[in-house]
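Student: Please take one part of this chain and look at it closely with me, slowly enough that I can follow each step. I would like to see how that part connects to what surrounds it.

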Amino acid sequence: MSRIELGSEQVASIRRTLERRERDIIDRVLQQPDYPPLPACPECNAVVEQMDSMVEPPQFEVDERAILINVKPCGHRFRGALDIDQLS
Ligand SMILES: [Zn+2]
């Protein structure tokens, strides 16, 4: 299954949700079953139990940086171009 391209708006929104969730977990010292939900799958809207994201390794002669996102259990895989200022 090939990766689904996400717009930079979608990527930004997912990253914001993940950051907020992480802050919540740390601030409120939450334990596993009380973790806030992950963002829904942008493709099928399924409940996401696991979301792995990583910055795509730089490619030769490609200036663009992208983030790769894999969600489970629906198994959709995404790729979203990153604005440089999102890479901090
Ligand atoms: Zn999905």
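Tutor: Helices, which must have at least four residues, and strands, which must have at least two, are DSSP runs numbered from the N terminus. With that in hand, we can look closely at helix 1, keeping in mind that this is a predicted model. The chain has one helix and four strands, and from the N terminus on these elements follow the order β-α-β-β-β.

Let us begin with the helix itself, which covers residues 8–27. At 1.5 Å a residue, its 20 residues should span 28 Å, and the end C-alpha atoms are indeed 28 Å apart, so the expected and computed spans agree.

Now follow the helix to D24, which lies in helix 1. This residue has 13 C-beta neighbours inside 10 Å and therefore counts as partly exposed; a residue would need 20 or more to be buried. If we leave aside its neighbours within four places in sequence, D24 is in contact with L30 and P36. Looking back along the chain, D24 and S2 are 22 residues apart in sequence, and their C-alpha atoms are 33 Å apart in space.

Just beyond the helix comes V29, which follows helix 1 with a positive phi near 45 degrees, although V29 is not a glycine. This residue belongs to the loop between helix 1 and strand 2, and V29 is exposed, with 7 other C-beta atoms within 10 Å. N45 is found in the loop between helix 1 and strand 2, and N45 has a positive phi of about 70 degrees without being a glycine. With 9 C-beta neighbours inside 10 Å, N45 counts as exposed.

To see what the helix rests against, we need the sheet, an open one of four strands in the order 1-4-3-2 with mixed pairing. Its edge strands, each pairing on one side only, are strand 1 (4–6) and strand 2 (50–55). Neighbouring strands of this sheet are turned against each other by 25 degrees on average, direction ignored. Helix 1 packs on this sheet and touches strand 1, strand 3 and strand 4 (77–82), its direction making about 105 degrees with that of strand 4.

Strand 2 is absent from the strands just named as touched by the helix, and the number of buried residues among its six is zero, so strand 2 lies largely in the open. Strand 2 does pair with strand 3, in the antiparallel sense and over six bridges. Within that pairing, Q50 has K72 in strand 3 as its bridge partner, while S53 stands opposite I69 in strand 3.

Finally, the helix and the sheet can be followed into the interior. The largest nonpolar core consists of seven residues, L6, V11, I14, C41, I69, V71 and F78, and helix 1 and strand 3 (65–72) each supply at least two residues of this core. I69 shows the link well: not counting residues up to four places away in sequence, I69 touches I14, M51, S53 and F78. Across the chain as a whole, 10% of the 88 residues count as buried.

How values were computed: Residues are numbered from 1 along each chain as its sequence is written. This is a predicted model: local features need pLDDT of at least 70, side-chain atom pairs count only at pLDDT 80 or more; totals for chains, interfaces and linings use all residues. A nonpolar core is a set of buried Ala, Val, Leu, Ile, Met, Phe, Trp, Tyr and Cys residues joined through C-beta atoms within 7 Å. A residue is buried if 20 or more other C-beta atoms lie within 10 Å of its own, exposed if 12 or fewer, and partly exposed in between; C-beta atoms are placed from the backbone. Two residues are in contact if their C-beta atoms, placed from the backbone, lie within 7 Å. The expected span of a helix is 1.5 Å times one less than its number of residues. Two strands pair if DSSP finds at least two bridges between them. Axes are lines fitted to C-alpha atoms, for helices over the stretch in contact, and angles run from 0 to 180 degrees between N-to-C directions.
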